Amino acid sequence: MSAKPEVGLVREASRQIVAGGSAGLVEICLMHPLDVVKTRFQIQRYATDPNSYKSLGDSFRMIFRTEGLFGFYKGILPPILAETPKRAVKFFTFEQYKKLLGYVSLSPALQPSTLSYARQIIKKEGLGLQGLNKGFTATLGRHGVFNMVYFGFYYNVKNIIPVNKDPTLEFLRKFGIGLLSGTIASVINIPFDVAKSRIQGPQPVPGEIKYRTCFKTMATVYQEEGILALYKGLLPKIMRLGPGGAVMLLVYEYTYSWLQENW
């Protein structure tokens, strides 16, 4: 008698994991070019930087002119390998937290040699916070703040706005809430994103490590470049994680619903 509920739990978990992984994969493949542009903006320090981009349009033109179409997909393999399972776990974990808390409101190539690059980092700098785990604190802050706002806003606002019986209008309702969720979360967490890019990116002086820790990096950027420097890359980030966040939530919900009906 106890075996049936257990099978049900395993199947339900499998649905959530498959739907979450699918959502992550689709979002990455669609929105990765904007992530490339965002990172390029964040690692440039001054307008006099020889690699400086004057505007969003200029960055797209320059990357396409100098690196070709595949330049927009540089580094896509690591996020696919990392984000697809991560987002599968993220959606699964969120579903479990919702049950646990009883629905309480929550405040330069297309395929880079990822393993080879990881081995080089480990060999040269080790596994620690100055090696393969460089930028760990900034990454933790970036994801923690983003997910808190993203999921908290989406599921609370979605429950406030009535469901529409028209499938098209219901799709637009969910997309709009997802778009707003991703946008607000992006605005709030971008200083952590800038710190992560500075810590993990090339240092201003070769051989000298200027950006070491998350909050110290934020303070240094603020002191040397002003408050707006902590929001570098905001436009491409919003363009990616606004609609990208909406796409991810919609793919998850519709895939999850399909799996419930057919599996």
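Helix H3 (residues 77-100) and helix H8 pack against each other at an angle of about 65°, and their axes lie 12 Å apart. That angle makes H3 roughly perpendicular to H8, because angles of 65 to 115 degrees fall in that class. As you follow the pair in the picture, look for a right-handed crossing where H3 passes H8. Keep in mind that this is a predicted model.

**The overall fold**
- The protein chain has eight helices and zero strands.
- Reading from the N terminus, you would therefore write its elements as α-α-α-α-α-α-α-α, since helices are numbered in that direction.
- The protein chain has 263 residues, and 43% of them count as buried.
- About 14800 Å² of the protein chain is exposed, and 67% of this area comes from carbon and sulfur atoms.

**A second helix pair: H6 and H8**
- Helix H8 (residues 234-262) also packs with helix H6 (residues 167-200), here at an angle of about 135° and with the axes 7 Å apart.
- This makes H6 oblique to H8, because the angle is neither under 35 degrees, nor over 145, nor from 65 to 115.
- The crossing of H6 past H8 is right-handed.
- Sorted by class, the residues in the contact of H6 with H8 are 14 nonpolar, seven polar and four charged.
- One residue to find in helix H6 is Thr183.
- Thr183 counts as partly exposed, because its relative accessibility is 21% and the buried class needs a value under 20%.
- Thr183 and Leu241 are 58 residues apart in sequence, yet their C-alpha atoms are 6.5 Å apart in space.

**Two buried residues, in H1 and H3**
- Helix H1 (residues 3-43) contains Arg15.
- Arg15 is buried, because its relative accessible area of 12% is under the 20% cut-off.
- Along the sequence, 77 residues separate Arg15 from Phe92, while in space the distance is 8.8 Å from C-alpha to C-alpha.
- Ala88 belongs to helix H3, the helix from the opening of this briefing.
- With a relative accessible area of 5%, Ala88 is buried too, because this value is also under 20%.
- Ala88 and Ala19 are 69 residues apart along the chain, and 7.0 Å separates their C-alpha atoms.

**Cysteines**
- How many disulfides does the structure hold? There are zero disulfides.
- Cys29 is partly exposed, because its relative accessible area of 36% lies between the 20% and 50% cut-offs.
- Cys214 is buried, because its relative accessible area of 3% is under 20%.

Note on methods. Residues numbered from 1 in each chain as written. Predicted model: local features only at pLDDT ≥ 70, side-chain atom pairs only at ≥ 80, totals over all residues. Heavy atoms only, no water. Disulfide = S-S within 2.5 Å. Buried < 20%, exposed > 50% of the residue type's maximum accessible area, 1.4 Å probe, protein only. Helix = DSSP H or I, 4+ residues; strand = E, 2+ residues; numbered from the N terminus. Areas by Shrake-Rupley, 256 points an atom, 1.4 Å probe, with all protein chains shown as cover. Axes fitted to C-alpha atoms, helices over the stretch in contact; angles between N-to-C directions. Left-handed = near helix turned anticlockwise from the far one by under 90°. Nonpolar A, V, L, I, M, F, W, Y, C, P; charged D, E, K, R; others polar.
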